[in-house]
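I sat down with this one to look up a few salt bridges, some odd backbone angles and the pockets. My notes follow.

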Amino acid sequence: LTPILLNLGIARYRAGQFAKAVEVLGRFLAVAPDHAQARQLVGVSLVELGRDDEAISYLEQTLSSSQAGTTALYSLGLAYLRLRRGDVGDVAKRLASREDGVALSRLLQGQAHLEEFSFEKAATELEAAAKVSADLPRIHFRLGLAYFKLGRLPEARERLERELNRDPDDFLALYYLASLWEKQNDLASAGRRIEAALAQQPQSVEALTLAGSIFFKLGRTAEAVPALERVTPEQPDNSEAR
């Protein structure tokens with residue numbers, strides 16, 4: 001019944017249950033270690049889980065495989081980027097050489113520019129990617145972040161809200177929207193967004209610092225003080241929180 005494990009792993013992957021996909025497909029690979037699709041799905045799932053070091057050993061084989069999927073190549077490039085390895089450009093070129101990989105290539109290059117704080121270049125690449133496909137992974141968040149850093153706040157708000165329409169629990173989209181609303185002095189909206197962000201990651205030092213600032217401006221000092229008091233032991237040099 002080994003093939004059932006492959007089908008179950010694919011189902012777990014498509015359902016977004018990446019940890020379960022890794023577990024099931026790992027059992028399958030113990031029996032069929034050279035199965036290309038299973039190896040790629042494990043690698044992509046590990047990247048989705050943030051386990052980039054583990055993912056690379058599964059995904060690097062895609063560079064020499066004629067069966068390499070564009071999603072696997074993109075995930076490899078993303079793992080390289082987050083680990084600050086110098087192979088991202090090669091992966092982007094390989095994606096760009098494939099008709100179904102052009103958008104993912106632009107997306108990957110846009111993310112590389114974000115990491116380098118080259119926000120104009122990031123916006124250009126990400127806009128080009130979004131024109132090819134508006135369904136790329138987290139494309140609206142990344143464009144929203146680039147616009148936010150450039151001070152193009154109306155465009156940032158529109159993109160971040162679109163990301164939340166996809167995933168209402170996206171922590172970073174909620175966090176940056178809260179910061180955006182604070183900058184525009186809409187403190188009620190900022191308060192709602194930061195509360196939602198903290199519901200997702202209650203230990204986030206960045207979110208607690210922003211929450212303290214927003215609550216203070218709203219006159220909710222009884223809530224601002226405990227939020228900020230949770231920050232200072234973690235970041236004793238955080239002058240804003242102190």
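**Salt bridges**

I started with Arg-85, which pairs with Glu-60 in a salt bridge, their closest N and O atoms 3.3 Å apart. I then checked where the two sit: Arg-85 is in the loop between α5 and α6 (88-96), while Glu-60 is in the loop between α4 (52-59) and α5. That puts the partners 25 residues apart, so I noted the pair as a link between distant parts of the chain. I should say early on that this is a predicted model.

Next I looked up how open the two partners are. Arg-85 has a relative accessible area of 36%, so I put it down as partly exposed. Glu-60 comes out at 31% and is partly exposed too.

I moved on to Arg-98 and Asp-100, whose side chains form a salt bridge at 3.8 Å, N to O. The cut-off is 4 Å, so this pair counts. Arg-98 is partly exposed at 24%, whereas Asp-100 is exposed at 53%. The line for exposed is drawn at over 50%, which is why Asp-100 gets that label.

My third pair was Glu-223 with Arg-220, where the closest N and O atoms are 2.7 Å apart. Both ends are partly exposed: Glu-223 has a relative accessible area of 37%, and Arg-220 has 24%.

I also asked which residues are joined into one network by salt bridges that share partners. Those are Glu-60, Arg-85 and Asp-87, which took me back to my opening pair, Arg-85 and Glu-60. For the whole model I wrote down a count of 18 salt bridges. A reminder to myself: side chains of opposite charge can pair when their charged atoms come close.

**Odd backbone angles**

I looked for positive phi values outside glycine and wrote down two residues. Arg-84 has a phi of about 60 degrees without being a glycine. It sits in the loop between α5 and α6, and I found it exposed, with 65% relative accessibility.

Phe-117 is my other entry, with a positive phi of about 65 degrees, and it is not a glycine either. I placed Phe-117 in the loop between α7 and α8 (119-132). Buried or exposed, I wondered, for Phe-117? Exposed, at 64% relative accessibility.

**Pockets**

I took the largest pocket next and noted about 460 Å³ of space in it. Its lining has 16 residues, and the closest to the centre are Leu-114, Glu-115, Phe-141, Leu-145 and Leu-172. Which helices supply at least two lining residues each? I listed α5 (70-82), α7 (102-115), α9 (139-150) and α11 (171-183). The largest share comes from α9, with 4 residues. Sorted by class, I have 9 nonpolar, 1 polar and 6 charged residues in that lining.

Then I did the second largest pocket, with about 360 Å³ of space. Here 17 residues form the lining, and Glu-48, Tyr-74, Ser-75, Leu-78 and Pro-137 are the closest to the centre. Both α3 (36-48) and α5 supply at least two lining residues, and α5 gives the most, with 5 residues. By class I wrote down 10 nonpolar, 3 polar and 4 charged residues.

One last note on α5: it supplies lining residues to the largest pocket and also to the second largest pocket.

Technical notes. Residues numbered from 1 in each chain as written. Predicted model: local features only at pLDDT ≥ 70, side-chain atom pairs only at ≥ 80, totals over all residues. Heavy atoms only, no water. 1 Å grid on protein atoms, 1.4 Å probe; cavity = no way out; pocket = protein on both sides within 12 Å on 5 of 7 lines; lining within 4 Å. Points joined across faces, edges and corners; volume = space filled by probe spheres on them. Nonpolar A, V, L, I, M, F, W, Y, C, P; charged D, E, K, R; others polar. Buried < 20%, exposed > 50% of the residue type's maximum accessible area, 1.4 Å probe, protein only.
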